[in-house]
Amino acid sequence: MKPRMRPEHWYSIRRLDDDVTYIREPHIQEFYRCNIWHVRGRDRDMLVDSGMGVVSLREWVPLVTERELIAVASHTHFDHIGCHHEFECRAVHSAEADLLADPTRENTLADPYVTDDIFDALPPEPYCSKCYAVRRAPATRILEDGDVIDLGDRQFEVIHTPGHSPGGIALYEKATEILFSGDILYDGPLIEDTYHSNAADYLASMERLLTFPVRVVHGGHFPSFSGERYRDLITGWLDAKHR
Ligand SMILES: [Zn+2]
Ligand SMILES: [Zn+2]
């Protein structure tokens with residue numbers, strides 16, 4: 001039997017540059033562990049993804065309750081939207097709005113991925129992997145390509161990046177050249193074959209991402225990386241496809 005963690009030890013929090021805070025669930029194995037990003041703005045804050053939802057973010061990470069906040073879903077796989085129901089303002093791309101409103105174990109990929117094996121230590125009682133499910137969290141704002149999430153002094157452009165999933169988005173801040181990339185690109189093994197992945201879309205999204213001047217990337221999984229690494233990862237991926 002794996003040990004169970006106490007809720008106060010479920011999340012770890014690290015403040016990075018650019019008023020970005022990295023929230024993670026260290027007891028989930030790296031490949032399955034989604035990065036949760038908190039971005040401080042003048043008028044409101046933004047949360048990019050919300051983790052598995054096995055421990056309340058609102059209760060145990062006070063940072064997310066301090067100020068008005070918009071909870072954005074990079075896409076709707078279980079590891080990214082578990083705590084969205086805790087937030088009043090929820091945004092998702094139109095192509096996955098139905099999934100955020102009506103998540104099932106199958107359409108969020110909880111089935112087949114979620115088993116006790118993905119944890120080094122289990123979430124607190126009453127968590128059980130067989131009964132795990134994401135709670136519904138209908139969007140209060142539907143996003144399309146080119147929309148802007150305005151935090152007052154910071155603006156994040158929505159870039160629709162289908163391929164991994166149909167409503168995947170990246171968020172780009174031109175002033176700082178920060179990109180939140182979701183699961184279309186991170187520095188680890190990419191997933192291109194879920195039930196709603198699309199190879200042609202994936203290719204087009206990667207080609208488009210390469211056109212943005214990027215300084216730092218905060219992905220859906222694995223550590224953040226530089227613009228140089230970003231261009232290397234995309235060109236390497238494209239070369240492999242065209243070989
Ligand atoms: Zn993911
Ligand atoms: Zn995903």
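Reader: In which helix is the place of Pro112?
Author: This is a predicted model, in which local features need pLDDT of at least 70 and side-chain atom pairs count only at pLDDT 80 or more, while totals for chains, interfaces and linings use all residues, and side-chain values use heavy atoms, with hydrogens and water left out. Residues are numbered from 1 along each chain as its sequence is written, and chains are lettered from A and ligands numbered from 1 in the order in which they are written. The peptide bond that leads from Asp111 into Pro112 is cis, with omega near 20°. Helices (DSSP runs of H or I, at least four residues) and strands (E, at least two) are numbered from the N terminus, and the element that holds Pro112, spanning residues 110-113, is helix H4.

Reader: Where is the place of Pro126?
Author: Pro126 follows Glu125 through a peptide bond that is cis, with omega near 5°. As for its place in the chain, Pro126 is found in the loop between H4 and strand S7 (141-143).

Reader: Is Asp49 buried or exposed?
Author: Asp49 has a phi near 70°, which is a positive value in a residue other than glycine, and its place is the loop between strand S4 (45-48) and helix H1 (57-60). Buried means under 20% relative accessible area, exposed over 50%, and partly exposed in between, with a 1.4 Å probe and protein chains only. The relative accessible area of Asp49 is 2%, so this residue counts as buried.

Reader: What is the relative accessibility of Glu177?
Author: Glu177 is a residue other than glycine whose phi is positive, near 60°, and it sits in the loop between S10 and strand S11 (178-182). Glu177 counts as partly exposed, because its relative accessibility is 29%.

Reader: Which residues coordinate the zinc ion (ligand 2)?
Author: Donors are N, O and S atoms within 2.8 Å of the metal (3.2 Å for Na, K and Ca), and water is not among the atoms, so sites may look incomplete. Along the sequence, the donor residues of the zinc ion (ligand 2) follow the spacing H-x1-H-x86-H-x18-D. At 2.1 to 2.4 Å, the zinc ion (ligand 2) is coordinated by His75 (NE2), His77 (ND1), His164 (NE2) and Asp183 (OD).

Reader: How many residues apart in sequence are the parts that His77 and His164 tie together?
Author: His77 counts as buried because its relative accessibility is 2%, and His164 counts as buried at 4%. Within the spacing H-x1-H-x86-H-x18-D of the donor residues of the zinc ion (ligand 2), one can then place this pair among the elements of the chain. His77 lies in the loop between strand S5 (69-72) and helix H2 (78-81), and His164 in the loop between strand S9 (155-160) and strand S10 (169-173), so the parts that they tie together are apart in sequence by 87 residues.

Reader: Which residue coordinates both the zinc ion (ligand 2) and the zinc ion (ligand 1)?
Author: The zinc ion (ligand 2) and the zinc ion (ligand 1) lie 3.4 Å apart. The residue that coordinates both is Asp183.

Reader: How far apart are the end C-alpha atoms over residues 33-221?
Author: Residues 33-221 are covered by the UniProt annotation "domain: Metallo-beta-lactamase", from an unreviewed entry; UniProt positions are given in the numbering used here, feature names are shortened, and annotations may be inferred rather than shown by experiment. Over these residues the chain is 15% helix and 23% strand. The distance between the end C-alpha atoms is 6 Å.
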